[in-house]
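Okay, hi everyone, thanks for coming. I'd like to walk you through a structure that will be new to most of you, so let's get it up on the screen.

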Amino acid sequence: MRVLEKNNWRNSTVKIFSLIKPKEEYLGVNVGLLDLKKILERNGKKFHFAWESENNFIISLKFSFGTNLLFDTNYSGTKSDIIATGILSKLTEEKTKITLKTKSKNGLIILFLLPTVLIIFFNFIFELGLPIPLYFIFPLLFILVLNMIKSEEKRLIKNFKSFLDNELKY
């Protein structure tokens, strides 16, 4: 019974830290590279689209809860911090591979977990007598923000896929 509990704890811990890693998604479409570029330039209103180079692009949500222009420091041409970069690769004349990769969220570790370490450090050094539940505020906020960002990234990729599905039907 203890081994089972230990494994469940390890699995939940791994799941939390898997939220930090960037998500990669591979899409194959039955359209040539040049035709796909033209389709992508006809972007709808579901997400922001911009070319970074000849076969690389960036997509972002037009609006995302909590991150809209707040954390946007890396890409000035985006509308929110929910970002995915895309790479187009020609497979054949009539097939193209799209690789989508979301942004890494390593900066959030420092933003949310560093205050917890500082609270614990100052509490032990200066004997402030802070209540123990105070130690858990920032880690809980960290998990909450990670889950919110992950759901927004899923929404961005879903919007991109639905746009492609609608455009490729015609």
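Let me start with a small one: where does K45 lie? K45 is in the loop that connects α2 to β2. What you're looking at is a predicted model, by the way. And is K45 buried or exposed? K45 has 79% relative accessibility, so it counts as exposed. There's a distant part of the chain to point out here as well: K45 and N159 are 114 residues apart along the chain, and their C-alpha atoms are separated by 9.6 Å.

Now let's zoom out. The protein chain has four helices and five strands. If you read from the N terminus, the order of the elements is α-β-α-β-β-β-β-α-α. There are 170 residues in the protein chain, and 34% of them are buried. As for contacts, take the ones between residues at least 6 apart in sequence: 63% of those join residues at least 24 apart. Keep that in mind, as we'll meet a few examples.

On to helix α2, which covers residues 33-41. Which of its residues are buried? That would be L33, L36, K37, I39 and L40. Looking down the axis of α2, those buried residues fall within an arc of 160°, so they line one face of the helix. Turn to the face pointing away from that buried side, and you find L34, K38 and E41, which are exposed. So there's a leucine and a lysine on each list: L33 and K37 are among the buried ones, while L34 and K38 are exposed.

What do the buried residues of α2 pack against? Quite a list: the strands β1 (24-29), β2 (47-51), β3 (56-61), β4 (83-92) and β5 (95-102), plus the helix α4 (137-169).

Let's stay with that helix pair for a moment. α2 and α4 pack with their axes 11 Å apart, at an angle of about 115°. The two helices are therefore roughly perpendicular to each other. The crossing of α2 past α4 is right-handed. On the α2 side, the contact is made by L36, I39 and L40, and on the α4 side by F160, F163, L164, E167 and L168. Sort those contact residues by type and you get seven nonpolar, no polar and one charged.

One residue to pick out of that contact is E167, in helix α4. How accessible is E167? Its relative accessibility is 22%, so E167 counts as partly exposed. Setting aside residues up to four places away in sequence, E167 touches I39 and R42. Here's one of those long-range pairs: E167 and I39 are 128 residues apart in sequence, with their C-alpha atoms 7.0 Å apart in space.

α4 has another helix to deal with, and that's α3, residues 107-126. How do those two sit relative to each other? Their axes come within 9 Å and cross at roughly 170°, and α3 and α4 are therefore roughly antiparallel to each other. From α3 we have L108, I109, F112, L113, P115, T116 and I119, and they meet F138, P139, L141, F142, V145, L146 and I149 of α4. By type, this contact has 13 nonpolar residues, one polar and no charged.

Let me pick one out here too. L141, in helix α4, has 34% relative accessibility, so L141 counts as partly exposed. From L141 to L113 it's 28 residues in sequence and 9.4 Å in space, C-alpha to C-alpha.

Last stop: the loop between α3 and α4, where E127 sits. What's the phi of E127? It's positive, about 45°, although E127 is not a glycine. For background, most residues other than glycine have a negative phi. And at 70% relative accessibility, E127 counts as exposed.

To wrap up, if you take two things away, take the helix pairs: α2 and α4 are roughly perpendicular, and α3 and α4 are roughly antiparallel. That's me done, thanks for listening!

Notes. Residues are numbered from 1 along each chain as its sequence is written. This is a predicted model: local features need pLDDT of at least 70, side-chain atom pairs count only at pLDDT 80 or more; totals for chains, interfaces and linings use all residues. Side-chain values use heavy atoms; hydrogens and water are left out. Buried means under 20% relative accessible area, exposed over 50%, partly exposed in between (1.4 Å probe, protein chains only). The arc is that of the directions from the helix axis to the C-beta atoms. Contact means heavy atoms within 4.5 Å. Axes are lines fitted to C-alpha atoms, for helices over the stretch in contact, and angles run from 0 to 180 degrees between N-to-C directions. Angles under 35 degrees count as roughly parallel, over 145 as roughly antiparallel, 65 to 115 as roughly perpendicular and the rest as oblique. A crossing is left-handed if the near helix is turned anticlockwise from the far one by less than a right angle, and right-handed if clockwise. Ala, Val, Leu, Ile, Met, Phe, Trp, Tyr, Cys and Pro count as nonpolar, Asp, Glu, Lys and Arg as charged, and the others, Gly among them, as polar.
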